[in-house]
Amino acid sequence: MKIDWGRIPKKQLVEVDWVDSWSSARWENKDTVADDDGVLHCRSVGYVLRRGQKSVVLAASMSESGNVGDRICIPRPCVKTIRKVTIA
């Protein structure tokens with residue numbers, strides 16, 4: 001699914017489904033490790049701060065004065081879906 005990044009305005013509240021990599025530094029049985037597909041499926045909700053060429057930056061918190069906290073930068077190739085969130 002192609003995402004139309006231009007239709008997502010800054011400060012829009014969104015839910016992003018994305019994939020991430022992971023690593024492990026412990027010793028493990030090779031037979032059980034082979035069963036894992038190696039991808040973490042993640043979901044983040046936040047306000048769009050930036051939609052760059054390579055990433056999207058969200059903030060989980062935004063104050064009335066415009067200060068933000070709890071930011072996450074997600075590489076665009078990792079984003080699978082993005083949906084606008086409506087608060088009733």
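**View 1. Asp17, a buried residue with charged company.** In this predicted model, Asp17 is buried, because its relative accessible area is 15% and the cut-off for buried is under 20%. Its salt-bridge partner here is Arg43, and the closest N and O atoms of the two sit 2.6 Å apart. Look at where the two residues come from: Asp17 belongs to strand 1 and Arg43 to strand 2, 26 residues apart, so this pair links distant parts of the chain. Arg43 counts as exposed, with 55% relative accessibility. The two are also matched in the strand pairing, as Arg43 in strand 2 is the bridge partner of Asp17. Why might such side chains pair up at all? Side chains of opposite charge can do so when their charged atoms come close.

**View 2. Arg83 and its two acidic partners.** Move over to strand 5 (residues 79–84), home of Arg83. How exposed is Arg83? Arg83 is partly exposed, at 32% relative accessibility. One salt bridge runs from Arg83 to Glu15, with 2.4 Å between the closest N and O atoms. That pair links distant parts of the chain, since Glu15 is in strand 1 and the two residues are 68 residues apart. Another salt bridge joins Arg83 to Asp17, this time with the closest N and O atoms 2.8 Å apart. Asp17 lies in strand 1 and Arg83 in strand 5, so this pair ties together parts that are 66 residues apart in sequence. Put the shared partners together and you get one network of salt bridges made of Glu15, Asp17, Arg43 and Arg83. If you search the whole structure, four salt bridges turn up.

**View 3. Strand 1 and the strands it pairs with.** Strand 1 covers residues 13–20. It is mostly covered, with six of its eight residues buried. Which way does strand 2 run relative to strand 1? The two run antiparallel, and eight bridges join them. Strand 1 also pairs with strand 5, again antiparallel, through five bridges. Trp18 is a handy residue to follow here: its bridge partner in strand 2 is Cys42, while in strand 5 it stands opposite Val79.

**View 4. Ser44 and the residues around it.** Ser44 is found in strand 2. Is Ser44 buried or exposed? Ser44 is buried, because its relative accessible area comes to 13%. Its side chain makes a polar contact of 3.1 Å with the side chain of Trp18. Skip the residues up to four places away in sequence, and Ser44 still touches Val14, Glu15, Val16, Trp18, Leu58, Ile72 and Ile74. You've met Glu15 already, as a salt-bridge partner of Arg83.

**View 5. The hairpin from strand 2 to strand 3.** Strand 2 takes in residues 40–51, and strand 3 takes in residues 55–62. What joins these two strands? A hairpin does the job, passing through three residues. The strands pair in the antiparallel sense over four bridges. As one example of a matched pair, Arg50 has Val57 in strand 3 as its bridge partner.

**View 6. Gln53, out in the loop.** Zoom in on the loop between strand 2 and strand 3 and you'll find Gln53. Gln53 is exposed, because its relative accessible area is 76% and the cut-off for exposed is over 50%. How far is Gln53 from His41? Their C-alpha atoms are separated by 22 Å, with the two residues 12 apart along the chain.

**View 7. Ser55, tucked into strand 3.** Ser55 lies in strand 3. With a relative accessible area of 10%, Ser55 is buried. Which residues does Ser55 contact, once its neighbours within four places in sequence are left aside? The list is Arg50, Cys73, Ile74, Pro75 and Arg76. Two of those names appear in earlier views: Arg50 is the bridge partner of Val57, and Ile74 is among the residues that Ser44 touches.

Technical notes:
Residues are numbered from 1 along each chain as its sequence is written. This is a predicted model: local features need pLDDT of at least 70, side-chain atom pairs count only at pLDDT 80 or more; totals for chains, interfaces and linings use all residues. Side-chain values use heavy atoms; hydrogens and water are left out. Buried means under 20% relative accessible area, exposed over 50%, partly exposed in between (1.4 Å probe, protein chains only). Two strands pair if DSSP finds at least two bridges between them. A salt bridge is a side-chain nitrogen of Lys or Arg within 4 Å of a carboxyl oxygen of Asp or Glu. Contact means heavy atoms within 4.5 Å. A polar contact is a pair of N or O atoms within 3.5 Å; within protein, one must be able to donate a hydrogen and the other to accept it, and residues adjacent in sequence count only if both atoms are side-chain atoms.
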